Amino acid sequence: MDINEPNSMTHILPHPAPSDQTTRMLLIAARRMAVHGLYDASAAMLMVQAFGIHFRKPLVLLRAFLMETSSAATGDIRIAPCCLPRMTLQEGSMMAAIAHAASRPDVAASHLTHLTGQDVPCGLVTTAQALSISLAECGRPVVLD
């Protein structure tokens, strides 16, 4: 397969998966919830393993973020299988929005606008901020490569 073909893997999955352990875990948990439902046991177990007894707040906020994102989206949000070491364009926007939400809400809003296809409700940016802050408070902030 030629890398310049429109159907090549880098066209479908343009972003490498995050190398940061927390960010990769968050991506996999989001993928699990997107495919198997917000209450997926494997996603919850990932959060328990990552955060120990403090898992509940990041887990609930990730669920809220995904629910609000899917409600605000005007089109499909493409999600790659958990095992793939690359991200879709939409997953890249989602991770970037969470990473920037606490320090640069304007950048996060831009990513969320790209992700949802419409002007982002301020509630979605606020949920991304709450998730980002809760991860940082647990000592596991989202870090992009």
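## Salt bridges and a helix pair

In this predicted model, the side chains of Arg-104 and Asp-106 form a salt bridge in which the closest N and O atoms are 3.2 Å apart. Arg-104 is partly exposed, with a relative accessible area of 42%, and Asp-106 is likewise partly exposed, at 48%.

The count of salt bridges comes to 4, and the table lists some of them, including the pair just described.

| Pair | Closest N to O distance |
|---|---|
| Arg-104 and Asp-106 | 3.2 Å |
| Asp-40 and Arg-32 | 3.1 Å |
| Arg-31 and Glu-91 | 2.7 Å |

The salt bridge between Arg-31 and Glu-91 links distant parts of the chain, since Arg-31 belongs to helix α2 and Glu-91 to helix α5 (residues 89-101), with their positions 60 residues apart. Arg-31 is buried, having a relative accessible area of 1%, and Glu-91 is also buried, at 1%. In the pair of Asp-40 and Arg-32, Asp-40 counts as buried at 10% relative accessibility, whereas Arg-32 counts as partly exposed at 21%.

How do α2 and α3 lie relative to each other? The axes of helix α2 (residues 21-36) and helix α3 (residues 41-51) come within 8 Å and cross at roughly 160°, and, because angles over 145 degrees count as roughly antiparallel, the two helices α2 and α3 are therefore roughly antiparallel to each other. Their contact is made on the α2 side by Met-25, Ile-28, Ala-29, Arg-32 and Met-33, and on the α3 side by Ser-42, Ala-43, Leu-46, Met-47, Ala-50 and Phe-51. Sorted by class, this contact of α2 with α3 has 9 nonpolar residues, 1 polar and 1 charged. The crossing of α2 and α3 is left-handed.

Note on methods: Residues are numbered from 1 along each chain as its sequence is written. This is a predicted model: local features need pLDDT of at least 70, side-chain atom pairs count only at pLDDT 80 or more; totals for chains, interfaces and linings use all residues. Side-chain values use heavy atoms; hydrogens and water are left out. Axes are lines fitted to C-alpha atoms, for helices over the stretch in contact, and angles run from 0 to 180 degrees between N-to-C directions. Helices (H or I, at least four residues) and strands (E, at least two) are DSSP runs, numbered from the N terminus. Angles under 35 degrees count as roughly parallel, over 145 as roughly antiparallel, 65 to 115 as roughly perpendicular and the rest as oblique. A crossing is left-handed if the near helix is turned anticlockwise from the far one by less than a right angle, and right-handed if clockwise. Contact means heavy atoms within 4.5 Å. Ala, Val, Leu, Ile, Met, Phe, Trp, Tyr, Cys and Pro count as nonpolar, Asp, Glu, Lys and Arg as charged, and the others, Gly among them, as polar. Buried means under 20% relative accessible area, exposed over 50%, partly exposed in between (1.4 Å probe, protein chains only).
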